[in-house]
Each structure stands twice: as structure tokens, then as C-alpha cells.
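Student: Could you walk me through one part of this protein in detail? I'd like to look at the charged side chains and how they pair up.

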Amino acid sequence: EQGVLFSQVVEEARAIGVVWNFFPVADVNSNPVNPIINTRAYSEDPQQAGALAAAYIRTSRQYGLLTTAKHFPGHGDTSTDSHVEAARVVGDRKRLETVELRAFRSAFEAGVDTVMVGHVTVPALDPDPRAVASTSRPVITGLLKQQMKFEGLVVPDAMDMAALTRLYPASSGLAG
């Protein structure tokens, strides 16, 4: 059922000239008050979220469409929209492994081309209270590249989101 739907979506994207999609959302919708991920996620179940993300990626590869798993290392268990302010993922490393990272592992196994790193703080991965995953060496280099062995393209979420711009004052030349 999902395979047919995914085929239609990917065929239509390719027909209008799309070659790279910033999709799928690999986040697990594990927090019912999450204001931004909720219906964007495939599921509240990590296994199902991973299976559906992987199915979309495999289908996209069949049609030559590049894909992006987002929002690494997971934005589903937050109660804040990172477009507006810093979102915090509070689970310990064991929870991250069994919930948030599980769908990303499925995406990697399916051959995802790109990972979009979210502007979320994850104390279990980087204890620096000012660090967001998208600028964190422990998250990107340590976890994503070295531990999880991802070798594709790594991109940040939108650079104008408040969770990131709060770190760089306008006077630094890095904020808009």
C-alpha cells in the first residue's frame, strides 16, 4: 500500500524535475505535545517510522530521486518548535538508541543520500548547554559519522531558525 503511494509521489516529483527531496522525516512522534513534528512523522512507533522512511528511500532510489533523512538525531520528543526557540531532547543515550536513532539507522540501511541535522539540544550527546546538534562536533562527527558510519552528505536545518540564530548575534556577521 505505502509502496504504491510512495511510487506515485516520487514519480510526480521526478516528472516536474525534482532531483533531490528533503524528505523523509525520520523523527519518531513520541511526544504528544510536540508542536512541529506531530503529523510530519510517519509514526509514534520507532520500528514503523524506520520501516516507512526506508520504504520511501528505496522507492526514491528506484526513480533516481535523492533523499534526506531529517531531523537528526531526532526532533520527535520535544515540546518546542525549533523554528521559534531551542528544542531540547532530554532522553538518555539508551532511549536515543532505542527510539530516536532507530529510524535513522533504517534510513542509512536503505541508502539515504543526505542527513539533515536538527537545531535541537541533546544533553546526552553534547553536554554543552549552548550546543545544538547542527553545530555539534560530538553529534555530527562523533555520533553520525564515526559511530553510525554515515558517509553521505550532511546538511543543517534552515539557517534562519531561532534555535540556531540565538547562538550567533547579528553583530557576528553569521546571523541575518
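Tutor: Here is a walk through the salt bridges, with a short stop at a nonpolar patch at the end. Keep in mind that this is a predicted model.

Let's begin with the idea behind the pairing. Side chains of opposite charge can pair up when their charged atoms come close. Searching the whole structure turns up 5 salt bridges, and we'll look at some of them one by one.

Take Arg61 and Asp113 to start with. Their side chains meet in a salt bridge, with 3.6 Å from N to O. That fits the cut-off, because a salt bridge needs the nitrogen within 4 Å of a carboxyl oxygen. Now find the two partners along the chain: Arg61 sits in helix 2 (residues 46–62), while Asp113 lies in the loop between helix 3 (93–110) and strand 3 (114–117). They are 52 residues apart, so this pair links distant parts of the chain. How covered up are they? Arg61 is partly exposed, at 45% relative accessible area. Asp113 has 21% relative accessibility and also counts as partly exposed, because buried means under 20%.

Next, move to Arg95 and Asp77. Here the closest N and O atoms of the salt bridge are 3.2 Å apart. This pair links distant parts of the chain too: Arg95 belongs to helix 3, and Asp77 to the loop between strand 1 (68–72) and strand 2 (87–88), 18 residues away. Arg95 is partly exposed, with 27% relative accessibility. Asp77, on the other hand, is buried, because its relative accessible area is 17% and the limit for buried is under 20%.

Stay with those two for a moment, since there's a third member to add. Asp77, Arg95 and Glu100 are linked in a network of salt bridges.

Then there's Glu97 with Arg105. The side chains of these two meet in a salt bridge at 2.6 Å, N to O. Glu97 has a relative accessible area of 25%, which makes it partly exposed. Arg105 is partly exposed as well, at 31% relative accessibility.

For contrast, leave the charges behind and look for a nonpolar patch on the surface. Val19, Trp20, Phe22, Leu66 and Leu153 make up this patch, which covers about 440 Å². One of its members, Leu153, is in strand 5 (residues 153–156). Leu153 is partly exposed at 45% relative accessible area, so it passes the patch cut-off of over 30%.

Notes: Residues numbered from 1 in each chain as written. Predicted model: local features only at pLDDT ≥ 70, side-chain atom pairs only at ≥ 80, totals over all residues. Heavy atoms only, no water. Helix = DSSP H or I, 4+ residues; strand = E, 2+ residues; numbered from the N terminus. Buried < 20%, exposed > 50% of the residue type's maximum accessible area, 1.4 Å probe, protein only. Patch = residues over 30% accessible without salt bridge, like charges linked within 9 Å, V, L, I, M, F, W, Y side chains within 5 Å. Areas by Shrake-Rupley, 256 points an atom, 1.4 Å probe, with all protein chains shown as cover.
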